[in-house]
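Here are two short exercises to work through with the viewer open. Try each one before reading its solution.

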Amino acid sequence: MPNTWIVVRIDGRGFTKYDFLDLLCILLHIIFCEDLTPPRLCTKYDFAKPNDKKALDLMNNAAKAIMTELPDIAVGYGVSDEYSFVFHKTCTLFDRRASKLVSTIVSSFTAYYVHLWTSHFPEDPLTPPLPSFDGRAVCYPSVQNLRDYMSWRQVDCHINNLFNTTFWALVQLGGQDTKEAEKALAGTFAKDKNEILFSQFGINYNNEPEMFKKGSVAYRDYELVEPGGQNLEKEVDDIAEPVVQSKTQAEKDRKKRGKAMVVVEHLDIIKDDFWERRPWLLS
Ligand code: ATP
Ligand code: ATP
Ligand code: MG
Ligand code: MG
Ligand code: MG
Ligand code: MG
Ligand code: MG
């Protein structure tokens, strides 16, 4: 749809869950004692529960790589095995065709994920079946709708992480089995989980790593990389009187922004602060 913000979200395929075909394989395994079930990625490479830092770093570096390659991506947000990539509402890449955008993002992300694997898991080389990702595109008509979407993903990150952190504390530190832990958490609110973590395990949830609590936001840090050594604030100070930006100047600025370095940080993207301090991201 023209003039809308496009979000392409990719998600790791079968990182933990078994699909119908896998269940069939498990059944055959029981009958014929021949194991045909591909192990899940998280199990096969022994991801730490509930958060494997190396795996998250790998997701972030794959996202950084494709955002560096595709300046049309304005901002990215990642949590768990998913990443959302936002295209500006004026983006014209591939004539905005959904199948082109999604397939390019999915294949480039997968390629980088596989390429960068060895630097994050040097002791554990990848073997088939190899990791893969699915993807979809959704259009959001306004900046507010887009921000609501981003907030939704970050809220999801927070809710899941608080649950998972408490769940695995009960299992790993409290010696409960997974059924007991699930039961202990049924119907609990955030404050109850915080209380369980603190009173039973001395864990202050606030002190958990920011990447686990907030997920990761990837964007071009405009002020950090100014090839001429000037930053944006300085340039603004130097302008004596207000100037109406010409079209070519706007185009130049856009190109300059496209060249800025992509950084990954773990910040609150729900509040206005993040966006207000980086007006170039959604302008
Ligand atoms: P699907 O193919 O439907 O996406 P899936 O098994 O990938 O199936 P998701 O809902 O995407 O299911 O969930 C991914 C799961 O992978 C998370 O719930 C989490 O358990 C695990 N996971 C992903 N990234 C990490 C990580 N960095 N550390 C530990 N576990 C992770
Ligand atoms: P686009 O991104 O639009 O697909 P492209 O450069 O990949 O751009 P295609 O129309 O897909 O354009 O054409 C691919 C070209 O790559 C072929 O025309 C051919 O010249 C070259 N090519 C692809 N595979 C081979 C190969 N195995 N050996 C030699 N040349 C190849
Ligand atoms: Mg999925
Ligand atoms: Mg998944
Ligand atoms: Mg997922
Ligand atoms: Mg082509
Ligand atoms: Mg081609």
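A polar contact is a pair of N or O atoms within 3.5 Å; within protein, one must be able to donate a hydrogen and the other to accept it, and residues adjacent in sequence count only if both atoms are side-chain atoms. This is a predicted model, where local features need pLDDT of at least 70 and side-chain atom pairs count only at pLDDT 80 or more, while totals for chains, interfaces and linings use all residues. Side-chain values use heavy atoms, with hydrogens and water left out.

**Exercise 1.** Work out what surrounds ligand 1.

Step 1: list the shell. There are 17 residues around ligand 1 (a heavy atom within 4 Å), and Asp11, Gly14, Thr16, Lys17 and Asp52 come nearest.

Step 2: sort them. You get seven nonpolar, five polar and five charged residues, with Gly counted as polar and Asp, Glu, Lys and Arg as charged.

Step 3: look for polar contacts to ligand oxygens. Polar side-chain atoms do the job in Asp11, at 2.7 Å, and in Asp81, at 2.9 Å. With Lys17, a polar backbone atom sits 2.6 Å from an oxygen of the ligand.

Step 4: check the cover. Ligand 1 has 630 Å² of accessible area on its own (Shrake-Rupley, 1.4 Å probe), and the protein covers 74% of that.

**Exercise 2.** Is Arg147 buried or exposed?

Step 1: apply the cut-offs. Buried means under 20% relative accessible area, and exposed over 50%. Arg147 is buried because its relative accessibility is 12%.

Step 2: find its neighbours. Leaving out residues up to four places away in sequence, Arg147 touches Ile270, Lys271, Asp272, Trp275 and Leu282 (heavy atoms within 4.5 Å).

Methods: Residues are numbered from 1 along each chain as its sequence is written. Chains are lettered from A and ligands numbered from 1 in the order in which they are written. Buried means under 20% relative accessible area, exposed over 50%, partly exposed in between (1.4 Å probe, protein chains only).
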